[in-house]
Amino acid sequence: MTRKRKSRKPGSEGPALYQEKSVTQLDQEGRKRQKDKKRKGQKAGSRHSVAQVEKARTQGQRKDPRIGSKKPVPLIVDTKPATKKERRMSAEQELAMLENDAQLMVLLDRIEAGEKLGAGLQKQVDQKLDRIEQLMNQLGLLEEDDEPEMAPVARVSSDDDLLDQFENMEFDSFEDSFDKE
């Protein structure tokens, strides 16, 4: 008697329910194995269609954010919208904030240097300066001049009028003011 090695495969101990297969069944199994061998590998032209398959997979995974929103939908429309409470700062705080505004200082320095700003920047500077003036009026810090401004000089249209004006001018009053100094 020959010795058989034990293996872990089922039925290795002996044929439990061994059925003999007919020739036709064996032929069919053989053909099936051959067919499977022929089909090994990828389909023809698969390297070109891989990107399309990946794209289809990613599109299926992406979801439309509008679908399934958890945000409650109001069923009754309110006549007045909900207002947010804004923190108002006092006039002193706002004035201090505007006076210490670095951007405003840079723009004012540019204006003093003779540089022309664009329309948007000039409008911004004007708005901030107007707001500073309003706050100073509100706080009573703005000093108003009691002296009226000098009336504009009447324009002289002809050369003869200019000459008469020059000749009739009193230079003594100018000399006295220089002598005092």
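In the predicted model, the side chains of Lys21 and Glu29 meet in a salt bridge, with an N to O distance of 2.8 Å. Neither end is buried by the 20% cut-off. Lys21 counts as partly exposed because its relative accessibility is 44%. Glu29 is partly exposed as well, at a relative accessible area of 32%. In general, side chains of opposite charge can pair when their charged atoms come close. The structure holds four salt bridges, including this one.

Another salt bridge joins Glu94 and Arg131. Their closest N and O atoms are 2.9 Å apart. Glu94 belongs to helix H3 and Arg131 to helix H5, so the pair ties together parts of the chain 37 residues apart in sequence. Glu94 counts as buried because its relative accessibility is 19%, and the limit for that class is under 20%. Arg131, at 31% relative accessibility, is therefore partly exposed.

Lys128 and Asp101 also form a salt bridge. Here the closest N and O atoms lie 2.5 Å apart. Lys128 sits in helix H5, while Asp101 is in the loop between H3 and H4. This pair, too, links distant parts of the chain, with the two positions 27 residues apart. Both Lys128 and Asp101 are buried.

The fold is helical. The protein chain has seven helices and zero strands. From the N terminus on, the order of elements is α-α-α-α-α-α-α. Contacts were also examined by separation along the sequence. Among those with a separation of 6 or more, 48% involve residues 24 or more positions apart.

The largest nonpolar core has nine residues. Its members are Ala91, Leu95, Leu98, Leu104, Leu107, Leu117, Val125, Ile132 and Leu135. Helices H3 (91–99), H4 and H5 (119–139) each supply at least two residues of this core. H3 and H5 are also the helices that carry Glu94 and Arg131. Leu117 is one of the core residues. Beyond its neighbours within four places in sequence, Leu117 is in contact with Leu107, Arg110, Ile111, Gln122 and Val125. Of these partners, Leu107 and Val125 belong to the core with Leu117.

Burial across the chain was then assessed. Of the 181 residues, 7% count as buried. The accessible surface of the protein chain comes to about 19,100 Å². Carbon and sulfur atoms hold 51% of that surface.

A nonpolar patch lies on the surface. It consists of Phe166, Met169 and Phe171. Together, these residues have about 300 Å² of accessible area. Phe171 is placed in the loop between helix H6 (159–167) and H7. Phe171 counts as partly exposed because its relative accessibility is 40%.

Confidence varies along the model. The mean pLDDT of the protein chain is 76. A pLDDT of 70 or more is reached by 66% of the residues. Among the elements, helix H4 (residues 102–112) has the highest mean pLDDT, at 90. Helix H4 also contributes to the largest nonpolar core. Helix H7 (residues 172–180) has the lowest mean pLDDT, at 61. The loop that holds Phe171 runs between H6 and this helix.

Note on methods. Residues numbered from 1 in each chain as written. Predicted model: local features only at pLDDT ≥ 70, side-chain atom pairs only at ≥ 80, totals over all residues. Heavy atoms only, no water. pLDDT = per-residue confidence, 0-100. Helix = DSSP H or I, 4+ residues; strand = E, 2+ residues; numbered from the N terminus. Patch = residues over 30% accessible without salt bridge, like charges linked within 9 Å, V, L, I, M, F, W, Y side chains within 5 Å. Areas by Shrake-Rupley, 256 points an atom, 1.4 Å probe, with all protein chains shown as cover. Buried < 20%, exposed > 50% of the residue type's maximum accessible area, 1.4 Å probe, protein only. Core = buried A, V, L, I, M, F, W, Y, C linked by side-chain atoms within 4.5 Å. Contact = heavy atoms within 4.5 Å.
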